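Open the model in your viewer and keep the selection tool handy. We will walk from one stop to the next, and at each stop I will tell you what to look for.

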Amino acid sequence: MTSITLGTGVLWHGGKAIPGCPEALQKLKELGKKIFYVTNNSSKTRAQVADKCRNMGFPADLENVVCTAHISALYLKNMNFTGKVYMVGNSSMAAALDELGIRYEGIGPDVVAASEASFDSVAKYQTEWKPNPEVRCVLVGFDPHISYVKMIKAATYASNKNNLFLATNEDPFLPTQDSVVIPGTGSIVATVKIPARREPHIMGKPGTAMFDMLHEVHGLQAEKTIMVGDSLKTDIAMGVNCGIKSMLVLTGVDDLRRVEENQNSDDPHCRQVVPDYYIDSFATLGEYI
Ligand SMILES: [Mg+2]
């Protein structure tokens, strides 16, 4: 059996392991189960995620980590992509593309000068900016420098149907434990896909690209794998989309009331997004094995 588990809400909260979870994972590992940490967070490399896991007491190596920065680069590599990527992203995504020899541009701040901040300064891009013909793909992930200029460039490249249009994930906000709302990558993706009038191919959950890679590289089989997660929309939906069983842990974003809402939904797609199992905490699983 293989278990695919997630970070925030499943194994830790705010950088602190949920009590009993490291021990539960250690037990599974000792029983010879393969464990993979799957995260939509595009602002960390695999090495950084593995370090974070180990620092909290979870058994993890580079090979056990599946993150959207790496998966996006691997997806392009596997299709023998030779063009340039216009990236709305961050240094970890850049490192993942560098590692696989994929060229990119767009990293870092790109804004209109403060002295020219007017409608005209934006409108002039239609005459003064020329798209780079080498760019054949737009990749959108978490970018703390998202700006109007980047939106113009990304939407222009994405609106060209000959270009690939990829996004790491569409999570609407970051998990926070207080009242401040931090918009997530889904908010950034929306600023590109709305003007481009085109939907991106999603690399992370609930898409199937991550499991496809686990199947190809690590030989994972759908019928012997379980997806453990706290979010119906991303984790459990990925299980459904990949044809693998799923277990909802009740330590994160969704509870059983949400499961019932899905079961009773008028939307047939929503009615499918229901976990096969649920458990109060991943730590409880450790008590039974
Ligand atoms: Mg989560």
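Start by selecting helix H9, residues 209–218. In this predicted model, its buried residues are Ala209, Met210, Phe211 and Leu214. Now show what covers them: strand S4 (34–39), strand S5 (65–67), helix H3 (68–78) and H10 are among the elements that do so. Step just past the end of H9 and you reach Gly219, whose phi is positive, at about 70 degrees.

Next, go to the loop between strand S10 (201–202) and H9, where Pro206 sits. Check the peptide bond from Lys205 to Pro206: it is cis, with omega near 5 degrees.

Keep Lys205 on screen and add Asp235, since the two are in contact. Asp235 belongs to helix H10. Is Asp235 buried or exposed? It has 31 C-beta neighbours inside 10 Å, so Asp235 counts as buried. Apart from neighbours within four places in sequence, its contacts are Leu6, Lys205, Met227, Gly229 and Asp230. For a long view, draw a distance from Asp235 to Glu116: they are 119 residues apart in sequence, and their C-alpha atoms are 44 Å apart in space.

From Asp235, move to its contact Met227, which stands opposite Ser246 in S12. The chain goes from S11 through helix H10 (residues 232–242) to S12, in a right-handed β-α-β crossover. Select both strands, S11 (residues 225–229) and S12 (residues 245–249). They run parallel and are joined by four bridges. S11 is mostly covered, with four of its five residues buried.

Now turn to a helix pair: H7 (residues 148–159) and H8 (residues 185–196). How do they pack? Their axes are 8 Å apart and meet at an angle of about 50 degrees, and therefore H7 and H8 are oblique to each other. The crossing of H7 past H8 is right-handed. To see the interface, show Met151, Ala154, Ala155, Ala158 and Ser159 from H7, which meet Thr191, Val192, Pro195 and Ala196 from H8.

Follow the chain into the loop between H8 and S10 to find Arg197. Arg197 is not a glycine, yet its phi is positive, at about 50 degrees. Arg197 counts as exposed because it has 9 C-beta neighbours inside 10 Å, and the cut-off for exposed is 12 or fewer.

Finish at Asn80, in the loop between H3 and strand S6 (84–88). Asn80 is another residue other than glycine with a positive phi, near 55 degrees. With 6 other C-beta atoms within 10 Å, Asn80 is exposed.

Technical notes. Residues numbered from 1 in each chain as written. Predicted model: local features only at pLDDT ≥ 70, side-chain atom pairs only at ≥ 80, totals over all residues. Buried ≥ 20, exposed ≤ 12 C-beta atoms within 10 Å, placed from the backbone. Helix = DSSP H or I, 4+ residues; strand = E, 2+ residues; numbered from the N terminus. Pairing = 2+ DSSP bridges. Right-handed = clockwise from strand over helix to strand, strands pointing away. Axes fitted to C-alpha atoms, helices over the stretch in contact; angles between N-to-C directions. Parallel < 35°, antiparallel > 145°, perpendicular 65-115°, else oblique. Left-handed = near helix turned anticlockwise from the far one by under 90°. Contact = placed C-beta atoms within 7 Å.
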